[in-house]
Amino acid sequence: MRTDYLFTSESVSEGHPDKVSDQISDAIVDLFLAKDPEARIACETLTTTQLVVLAGEIRCKGVYENGAWAPGAEEEIEATVRRTVREIGYEQDGFHWERLEFINRLHGQSAHIAQGVDATSNKDEGAGDQGIMFGYATDETPDLMPATLYYSHKILERMAADRHSGAAPFLEPDAKSQVTLRYEGSLPVAATAVVVSTQHAPGYDEGDKEAELHAYVKRVVADVIPPVLLRDTVYYINPTGSFEIGGPDGDAGLTGRKIIVDTYGGAAPHGGGAFSGKDPTKVDRSAAYITRYLAKNVVAAGLATRCTIQIAYAIGVSQPLSLYVDTHDTGSVPEAAIEQAILGLSKLGGLTPRSIRTHLGLNKPIYRKTAAYGHFGRKAEGDLFPWERLDLVEDLKAALG
């Protein structure tokens, strides 16, 4: 296993056009789950200059039944979309929460999909689709996330907080970050490069105002990345020059185009399925959450310092087709033993879609907050981010002796 190398991960802000789309899609998921915990949602969002379009399939008691919307439902959907855009901060000529055109093309769920997913008297609930999903954890950071992605997210979170509070009034919603770390002995020892591109108010691309923006970004980086890593770091701040036109006005956004930002920054495999806009019967989402939960608890239990877990499903089938654990030569017990321990834990219910949703409590309106700054490495608090809990550590230790 290679131990000395450079590695890079990127993040994008809540105002990035793809993330605007993700947040709208997940706000719709939350809206429907709040009304019907068994709702089925597959909501895709397109954003561009002064336009938001929703498309996809839904089923929700009291909202959309028998091919028709309930009174007031369409108006509530539109209000949810506009509120989401307003909360992100878009009040620009090219994209404004109040003035944008809104088109709703959501429609009823396919009966052929429903018949494979729904539980009946003689079969358990099946997976909402076929596919492979991965979870990952590493002891590089306190949140057991890859350090490159961890720092990339934290830079943009801090900038967004300063923008919302008014501490950095020259910032606009769209931004991207990228952190390159040098690893020696598999541990990060230096940040060789930091890239931050942020949308800004007019005039902050030259002279004193540009210097003010650059100095601000470097202060944020210094607050986020430990000083010991900031040795001879090269900064690239708005390297293309002006960045006044951004967000959906600068580039169209689509749900599900930032799956590496959403997960592990390229440090682990990805099965290809996006998360946002999907209810938890879709294993693209729920199985990715359970594998993160399992990998994190494996590392927290001291069974490995790095862990990747793959799981696979077939549409309409409840039992997973396979479970694979890789501890990257860092494990203290055999991977096969970890696999058997996981499958033997009764509280996990054999990792069927229903048992995953039940164990993690996923049939709740908890998804809007996942749609920016990563689905993983977040704080488990109340109903939010339950896949980040470390409540399986003792069970795994006991199962493995």
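Contact here means heavy atoms within 4.5 Å. The model described below is predicted.

**Helix H8 and its neighbours**

On that definition of contact, helix H8 meets helix H10 through Val-283, Ser-286, Ala-287, Tyr-289, Ile-290 and Tyr-293, and the residues of H10 that take part are Pro-353, Ile-356, His-359 and Leu-360. Classified by residue type, the contact of H8 with H10 comprises 8 nonpolar and 2 polar residues, with no charged residues. H8 covers residues 283–300 and H10 covers residues 353–360; the two pack at an angle of about 60 degrees, and their axes are 10 Å apart. H8 is therefore oblique to H10. The crossing in which H8 passes H10 is left-handed.

H8 also lies across strands E9 and E14, where its direction runs at about 30 degrees to E9.

**The sheet E9-E14-E15**

The strands just named belong to an open sheet of 3 strands, ordered E9-E14-E15, with antiparallel pairing. Strand E9 (131–138) and strand E15 (322–326) are the edge strands; each has a single partner strand, so one side of each has no neighbour in the sheet. From one strand to the next, the twist averages 15 degrees. E14 spans residues 306–313, and 8 bridges join this strand to E9 in the antiparallel sense. Within that pairing, Thr-138 has Arg-306 of E14 as its bridge partner.

**The sheet E1-E10-E11-E12**

A further open sheet has 4 strands in the order E1-E10-E11-E12, and its pairing is mixed. Its edges are strand E1 (5–12) and strand E12 (234–237), each with a single partner strand, so one side of each is left without a neighbour in the sheet. The twist in this sheet averages 15 degrees from one strand to the next. E1 and strand E10 (residues 171–184) run antiparallel and are joined by 8 bridges. Val-12 stands opposite Lys-176 in E10.

Helix H4 (residues 147–165) packs on this sheet and touches E1, E10 and strand E11 (187–200); the direction of H4 makes about 155 degrees with that of E10.

**Helix pairs H1–H2 and H4–H5**

The following table gives the geometry of two further helix pairs.

| Helix pair | Axes come within | Crossing angle |
|---|---|---|
| H1 and H2 (residues 73–88) | 9 Å | roughly 135 degrees |
| H4 and H5 (residues 207–224) | 9 Å | roughly 125 degrees |

The angle of roughly 125 degrees between H4 and H5 makes H4 oblique to H5. The crossing of these two helices, H4 and H5, is right-handed. On the H4 side the contact is made by Tyr-151, Lys-154, Ile-155, Arg-158, Met-159 and Asp-162, and on the H5 side by Tyr-216, Val-217, Val-220, Val-221, Asp-223 and Val-224. By class, the contact of H4 with H5 has 8 nonpolar and 4 charged residues, and no polar ones.

H1 and H2 are likewise oblique to each other, and the crossing of H1 and H2 is right-handed. H1 contributes Val-20, Gln-23, Ile-24, Ala-27, Ile-28, Leu-31, Phe-32 and Lys-35, which meet Glu-76, Ile-77, Thr-80, Val-81, Thr-84, Val-85 and Ile-88 in H2. The residues of the contact of H1 with H2 divide into 10 nonpolar, 3 polar and 2 charged.

**Salt bridges**

The structure holds 22 salt bridges. One of them joins the side chains of Glu-14 and Arg-163, with an N to O distance of 3.3 Å. This pair links distant parts of the chain, the two residues being 149 residues apart: Glu-14 is in the loop between E1 and helix H1 (17–35), whereas Arg-163 is in helix H4. Helix H4 thus appears in three settings: it packs on the sheet through E1, E10 and E11, its residues, including Tyr-151 and Asp-162, make the contact with H5, and its residue Arg-163 forms the salt bridge with Glu-14.

Key: Residues are numbered from 1 along each chain as its sequence is written. This is a predicted model: local features need pLDDT of at least 70, side-chain atom pairs count only at pLDDT 80 or more; totals for chains, interfaces and linings use all residues. Side-chain values use heavy atoms; hydrogens and water are left out. Axes are lines fitted to C-alpha atoms, for helices over the stretch in contact, and angles run from 0 to 180 degrees between N-to-C directions. Angles under 35 degrees count as roughly parallel, over 145 as roughly antiparallel, 65 to 115 as roughly perpendicular and the rest as oblique. A crossing is left-handed if the near helix is turned anticlockwise from the far one by less than a right angle, and right-handed if clockwise. Ala, Val, Leu, Ile, Met, Phe, Trp, Tyr, Cys and Pro count as nonpolar, Asp, Glu, Lys and Arg as charged, and the others, Gly among them, as polar. Two strands pair if DSSP finds at least two bridges between them. A salt bridge is a side-chain nitrogen of Lys or Arg within 4 Å of a carboxyl oxygen of Asp or Glu.
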